[in-house]
Amino acid sequence: MSIGSTLKLLRVASDLRQSSLAKDLGVTANYLSLVESGKKEPSLTFLKKFAQTLNVPLGYFLWIALEDINLPEELALKEKTDGLLVNILQKSNKNGVNSSDERS
């Protein structure tokens, strides 16, 4: 899974629309769409903001960028990590925890 598709997965799991997340990140919805579709590579600054906004470790995105997709062990571990992060984000949403509230 690419960084873009992972960003989309985490955004959807957080129940956020592209337009609202883009505003929080200081980018346009079009830019976010291009990143999520893999048509544009996100900058490190963008990934830092994304990680802070959704309370996801920045290192997770760096791991995705550097992963060797030919190693089944890494793919299995990444899929488990994706699932764990999605569950955490969904539980946060159900409990009424807003990532921007936590940063305040």
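**Close-up views of an all-helical predicted model**

**View 1. Packing of helix α3 in the predicted model.** The buried residues of α3 pack against three helices, namely α1 (3-13), α2 (18-25) and α4 (44-54). Within α3, which spans residues 29-36, the buried positions are Tyr31, Leu32, Val35 and Glu36. These four lie on the same side of α3 because the arc they cover around the axis is only 135°. Just beyond the end of α3, Gly38 adopts a positive phi of about 80°.

**View 2. The largest nonpolar core.** This core comprises 22 residues. Leu7, Leu10, Phe46, Phe50 and Phe61 have the most contacts inside the core. At least two core residues come from each of α1, α2, α3, α4, α5 (58-66) and α6 (72-94). Helix α4 provides the largest share, with five residues.

**View 3. Surroundings of Phe46.** Leaving aside residues up to four places away in sequence, Phe46 touches Leu7, Leu25, Val27, Tyr31, Leu32 and Val35. Of these partners, Tyr31, Leu32 and Val35 are among the buried residues of α3, and Leu7 is one of the core residues with the most contacts.

**View 4. The protein chain as context for the close-ups.** The chain contains seven helices and zero strands, arranged along the sequence as α-α-α-α-α-α-α. Of its 104 residues, 33% are buried. Among contacts with a separation of 6 or more, 57% join residues 24 or more positions apart. The exposed area of the chain is about 6400 Å², of which carbon and sulfur atoms supply 54%.

Notes. Residues numbered from 1 in each chain as written. Predicted model: local features only at pLDDT ≥ 70, side-chain atom pairs only at ≥ 80, totals over all residues. Heavy atoms only, no water. Buried < 20%, exposed > 50% of the residue type's maximum accessible area, 1.4 Å probe, protein only. Contact = heavy atoms within 4.5 Å. Areas by Shrake-Rupley, 256 points an atom, 1.4 Å probe, with all protein chains shown as cover. Arc of directions from axis to C-beta. Core = buried A, V, L, I, M, F, W, Y, C linked by side-chain atoms within 4.5 Å.
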